[in-house]
Amino acid sequence: MQIPSKTPNEPVRQAELEAFDILDTLPEETYDAITLLASEICDAPIALVSIIDNDRQWFKSRIGLDISEGPREFAFCAHAILEPESMLVIPDATEDERFLDNPYVTGDANVRFYAGAPLTTKNGNALGTLCVIDDRPRIMSDACRRLLHRLSREAATSLELRRSLDRL
């Protein structure tokens with residue numbers, strides 16, 4: 001398995017993430033609505049608002065998944081944040097060398113399809129992703145791609161608004 005590298009500006013990204021004070025917070029209706037829409041629009045059994053910390057992936061919101069976090073080294077989203085302006089789409093994880101022996105692919109989770117749109121701040125740092133996951137390989141439609149990207153922008157805007165309100 002190819003472990004994702006840290007972003008080129010990882011200390012700056014991590015500092016901005018910490019300033020958002022989002023990690024380990026309670027569920028919020030805004031993010032739950034976004035994950036529900038992503039799941040339904042993309043017809044995916046799993047949708048997540050995933051935040052990438054130094055060593056872990058933590059889920060601010062989740063549909064179709066019981067766990068609340070996992071190690072960063074196995075996180076598909078850790079790959080997605082490397083390019084903050086691009087969506088990472090993996091049609092079949094068993095055919096992608098980065099994920100061939102990933103425990104989420106080889107284990108009970110049986111991840112095959114992944115699409116993650118980065119949650120990019122005004123400063124250009126990707127704090128995490130809005131992602132959809134399926135246990136079957138598939139091709140993502142252009143409409144789903146556009147809407148997932150749009151929803152990721154909504155989630156990022158919600159994070160920025162939350163931060164502004166906390167400062168007040």
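F113 stands opposite D134, a residue of strand β6. That pairing is a good place to step into this predicted model, because F113 and D134 bring together two strands that are enclosed by what lies around them, as we'll see. β5 and β6 pair in the antiparallel sense, and eight bridges hold the record of that pairing. The two strands form a hairpin, with five residues between them. In the turn sits G124, which has a positive phi of about 90°.Now follow the hairpin along its middle. In β5, A115 is the bridge partner of V89, and in β6, A115 has V132 as its bridge partner. V132 is also the bridge partner of A47. So how enclosed are these two strands? Take β5: eight of its eight residues are buried, so the rest of the structure largely encloses it. For β6, nine of the nine residues are buried, so that strand is largely enclosed too. Buried here means under 20% relative accessible area.

Let's widen the view to the neighbours. On one side, β5 pairs with strand β4 (residues 88–90) in the antiparallel sense, over three bridges. β6, for its part, is joined to β1 by six bridges, and these two strands run antiparallel. Further out, strand β2 (residues 56–63) is joined to β3 by three bridges, again in an antiparallel run. In that pair, W58 stands opposite E69 of β3.

Put the strands together and what do you get? The result is an open sheet of six strands in the order β3-β2-β1-β6-β5-β4, with antiparallel pairing. Its edge strands are β3 (69–71) and β4, each of which pairs on one side only. Neighbouring strands in the sheet are turned by 25° against each other on average, if you ignore direction. As a general reminder, strands of a sheet pair through backbone hydrogen bonds, and they can do so parallel or antiparallel.

Next come the helices that lie against this sheet. α1 lies across β1 (46–52) and β6, and it runs at about 85° to β6. α5 packs on the sheet as well, touching β4, β5 and β6. The direction of α5 makes about 40° with that of β5.

α5 deserves a longer look. It covers residues 142–167, which makes 26 residues. From its first C-alpha to its last it reaches 38 Å, close to the 38 Å expected at 1.5 Å a residue. Which of its residues are buried? They are C144, L148, L151, S152, A155, A156, S158, L159, E160, R162 and R163. Look at the spacing in that list with one general idea in mind: an α-helix has 3.6 residues a turn, so residues three or four places apart point the same way. What covers the buried residues of α5? The cover includes α1 (10–20), α2 (29–41), β5 (113–120) and β6 (126–134).

Between α1 and α2 there is a loop with two residues worth finding. D21 is in that loop, and so is D24. Most residues other than glycine have a negative phi. D21, though, has a positive phi of about 50° without being a glycine. D24 likewise has a positive phi, of about 60°, and is not a glycine either. Are they buried or exposed? D21 is exposed, with a relative accessible area of 53%, and D24 is exposed with a relative accessible area of 53%.

Finally, step back to the whole chain. There are five helices and six strands in it. Starting at the N terminus, the elements run α-α-β-β-β-α-β-α-β-β-α. The C-alpha atoms fill a box of roughly 45 × 30 × 30 Å along the principal axes. A compact globule of 168 residues would have a radius of gyration near 15 Å, and the chain has 15 Å, so the two agree. Buried residues make up 50% of the 168 residues.

The contacts tell you how the fold ties together parts of the sequence: of those with a separation of 6 or more, 62% are between residues 24 or more positions apart. As for the outside, the accessible surface of the chain comes to about 8300 Å², and 51% of that belongs to carbon and sulfur atoms.

Conventions
Residues are numbered from 1 along each chain as its sequence is written. This is a predicted model: local features need pLDDT of at least 70, side-chain atom pairs count only at pLDDT 80 or more; totals for chains, interfaces and linings use all residues. Side-chain values use heavy atoms; hydrogens and water are left out. Helices (H or I, at least four residues) and strands (E, at least two) are DSSP runs, numbered from the N terminus. The expected span of a helix is 1.5 Å times one less than its number of residues. Buried means under 20% relative accessible area, exposed over 50%, partly exposed in between (1.4 Å probe, protein chains only). Contact means heavy atoms within 4.5 Å. Two strands pair if DSSP finds at least two bridges between them. The radius of gyration is taken over C-alpha atoms; the globule rule is 2.2 Å times the number of residues to the power 0.38. Accessible areas come from the Shrake-Rupley method with a 1.4 Å probe; for residues, only the protein chains shown count as cover. Axes are lines fitted to C-alpha atoms, for helices over the stretch in contact, and angles run from 0 to 180 degrees between N-to-C directions.
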